[in-house]
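Me: I have a model open and would like to know what lies behind the labels people put on it. Could you take me through them?

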Amino acid sequence: MSGIEANFDGLVGMTHHYAGLSMGNKASMTHRGKESNPRKAALQGLMKMKALSDMGLVQGVLPPQQRPNLPALRLLGFTGSDEQVLNKAAQYSPLLLSKLSSASSMWTANAATVSPSADSADQRVHFTVANLNKKLHRSLESVTTSRALKATFSDQNHFVHHDPLPQHVDWGDEGAANHNRFCGEYGEAGVQLFVYGREALQEGIAPERYPARQTLEASQAVARLHQLEEARTVFAQQNPVAIDSGVFHNDVIAVSNRNVFFYHQQAFLNQQSVLAELREKMARLGQTLMTVEVPAEQVTIQDAVESYLFNSQLLSRPDGNMTLVLPEECHLNHNVSSYLQSLIAEGNSPINKLHFFDLRESMRNGGGPACLRLRVVLNEKELAATNPATLMTPELYQRLTAWVEHNYRDSLYVADLADPQLLEEVYVALDELTQILKLGSIYEFQR
C-alpha cells in the first residue's frame with residue numbers, strides 16, 4: 001500500500017523561556033536568562049508548518065504541555081491555591097519553577113519513536129513515548145505526550161501506543177531524535193537505524209564531557225516493542241567526540257529521507273561498518289543506499305553545531321525534488337553556506353533544493369527544524385484514521401495564528417513564571433486549543 005511521511009510539529013508553549021536547562025546543548029546554555037518571545041516563537045513554528053503544507057506535504061500539529069506544571073509542584077509538597085503554590089515554588093527555587101515551566105515539548109522529535117506498519121510484524125503503526133529521563137523538565141512530559149498521540153492516532157486497528165520505558169538511566173530514551181528509517185517508497189518495508197550514545201549493561205566507549213542520553217538497551221527495547229525484524233534494524237553508536245562537542249542528539253549530526261543519508265564524516269563510531277550494514281540490509285530489500293557525507297575539512301563538527309546544518313528536514317516533495325529545510329543560521333556560517341552552495345551546484349546530488357526558515361526563537365533554545373517535528377509514515381487508511389482536526393490546512397493555520405496572537409505574550413523572563421496571571425492565561429488558551437484540535441481532555445486542569 002502506498003504511503004506518505006507526515007510531519008507533526010509541536011506548537012510552542014506559552015511559557016517558552018531561556019533557562020539553559022539542557023547540559024550539552026550549547027545554544028540552550030548560551031542564552032540562559034535572556035528575554036524570550038513566546039508569541040514570535042509560536043508564529044515562526046506555524047509559518048514553517050504552513051509552508052510545508054503549501055508544498056503539498058502532509059503536516060500535522062501536536063499541542064504544548066500544561067505549564068507551569070502545578071500537579072508536579074503539588075506532588076513535591078507545595079500546597080495552597082494555585083497562586084500560593086507558584087509563590088512558594090519561586091521562593092524555594094526559581095530553577096525548580098523554571099524546570100517545571102519548560103516549553104521543551106515543542107521539540108516533538110523527542111516525543112516518541114515511530115515505526116510504520118510496513119515494518120512491524122502486526123502491520124500497525126507503533127508509537128513508544130520517550131521517557132527523556134536524563135532531564136527533569138523533559139521527563140515530566142510523557143503522560144501528556146501519550147494522551148496527545150492517542151487523541152491524534154486513536155484507531156486501535158491501525159495504531160499501537162506503548163508506555164515509556166522504565167524511568168532509569170539504563171533505559172534512557174530520547175525518541176525519534178536518535179532514529180532514522182531508510183526505504184524506497186514510504187509505504188514499502190524499510191531498514192530502521194537506532195543511534196545510541198552508550199551501553200548501560202556493559203562497559204564500553206562513552207563521551208566524557210557531556211552525557212549520552214540514549215542507551216543501546218533502550219533502543220533495543222523499542223525495536224522489540226515495535227515487532228521489528230533483526231534483518232531490518234541497525235544499531236549504531238554515535239561518535240563520543242561528537243557528543244562532547246555538543247551533538248546531544250543524532251539529529252544534530254545526521255538526517256535521512258527514503259534511501260538518502262545526509263551525515264557528517266564524524267557522526268558515528270566505526271562509521272564505515274555502520275554504513276556497510278545499512279547498505280547490505282537495504283540491498284536485501286532491493287534498495288540502494290545513497291550517501292551524502294559532509295567532510296570534516298569543509299564543515300567541522302563545531303560548524304554543524306553552530307548552524308544546525310543536520311538538524312534540517314530532508315523531504316521528498318510531490319514534484320520529485322528532495323529538499324533540505326534549513327534554519328537561517330546556515331547562511332551565517334561561512335563553511336556551511338559554502339558547502340551548501342557546492343552541494344546544489346554539483347548537479348548529481350539527490351538533494352537538489354534548499355529552503356531556509358527563520359526559527360530563531362527555537363534555535364536560541366537549542367532546537368532547529370528537525371527538532372520541531374515527529375515523522376510519522378502512514379498509508380492511505382492510516383492517514384484517513386488520523387484525527388483530521390490536527391492536520392494543517394489554510395483554515396487551521398489562520399485559526400491557530402489568531403489563537404497565538406490573542407493568547408501569547410511577546411516577552412518572557414524566568415521571573416515571570418511565578419505570575420499567577422500567566423497560569424490563568426495558559427489554562428484559558430489550552431482549553432480553547434483542545435477544542436480547535438479536537439483532542440478531548442488531555443490536560444489535568446479543570447475549567
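Me: How many bridges join strand E1 to E2, and do the two run parallel or antiparallel?

Reply: Happy to help! Strand E1 (residues 3-10) is joined to E2 by 4 bridges, and the two run parallel. Strands and helices here are DSSP runs, numbered from the N terminus: E of at least two residues for strands, H or I of at least four for helices. Two strands pair if DSSP finds at least two bridges between them, so E1 and E2, with 4 bridges, count as paired. One bridge puts Asn 7 opposite Gln 59 in E2. A note on the source: this is a predicted model, in which local features need pLDDT of at least 70 and side-chain atom pairs count only at pLDDT 80 or more, while totals for chains, interfaces and linings use all residues. Residues are numbered from 1 along each chain as its sequence is written, and side-chain values use heavy atoms, with hydrogens and water left out.

Me: What makes E2 and E15 edge strands?

Reply: The open sheet has 3 strands in the order E2-E1-E15, with mixed pairing. Strand E2 (59-62) and strand E15 (373-379) each pair on one side only, and that makes them the edge strands. Neighbouring strands of this sheet are turned by 30° against each other on average, direction ignored. Helix H2 (residues 38-54) lies across E1 and E2 and runs at about 155° to E2.

Me: Which strands form the other sheet with mixed pairing, and what is their order?

Reply: That open sheet also has 3 strands, in the order E6-E7-E8. Its edge strands are E6 (179-182) and E8 (233-237). E6 pairs with strand E7 (residues 191-196) in the antiparallel sense over 4 bridges, and His 179 stands opposite Phe 194 in E7. Helix H8 (residues 216-225) packs on the sheet, touching E7 and E8, at about 155° to E7. Helix H10 (residues 271-284) lies across E6, E7 and E8 and runs at about 170° to E8.

Me: Why are H4 and H17 called oblique to each other?

Reply: The axes of helix H4 (residues 82-92) and helix H17 (residues 420-436) cross at roughly 125° and come within 9 Å. Angles under 35 degrees count as roughly parallel, over 145 as roughly antiparallel, 65 to 115 as roughly perpendicular and the rest as oblique. The angle of roughly 125° belongs to the rest, so H4 and H17 are oblique. In the contact (heavy atoms within 4.5 Å), Asp 82, Glu 83 and Leu 86 of H4 meet Pro 420, Leu 423 and Tyr 427 of H17.

Me: And why are H16 and H17 described as roughly antiparallel?

Reply: Helix H16 (residues 394-407) packs against H17 at about 170°, with axes 11 Å apart. That angle passes the antiparallel cut-off just given, so the pair is roughly antiparallel. Among the contacting residues are Leu 400 and Trp 403 of H16 and Ala 429 and Leu 433 of H17.

Me: How do you know that the structure holds 0 disulfides?

Reply: A disulfide is a pair of cysteine sulfur atoms within 2.5 Å. The sulfur of Cys 330 has its closest cysteine sulfur in Cys 371, 13 Å away, so the two are too far apart for a bond.

Me: Why does Cys 330 count as buried?

Reply: Buried means under 20% relative accessible area, exposed over 50%, partly exposed in between (1.4 Å probe, protein chains only). Cys 330 has 1%, so it is buried. Cys 371, at 3%, counts as buried too.

Technical notes:
Axes are lines fitted to C-alpha atoms, for helices over the stretch in contact, and angles run from 0 to 180 degrees between N-to-C directions.
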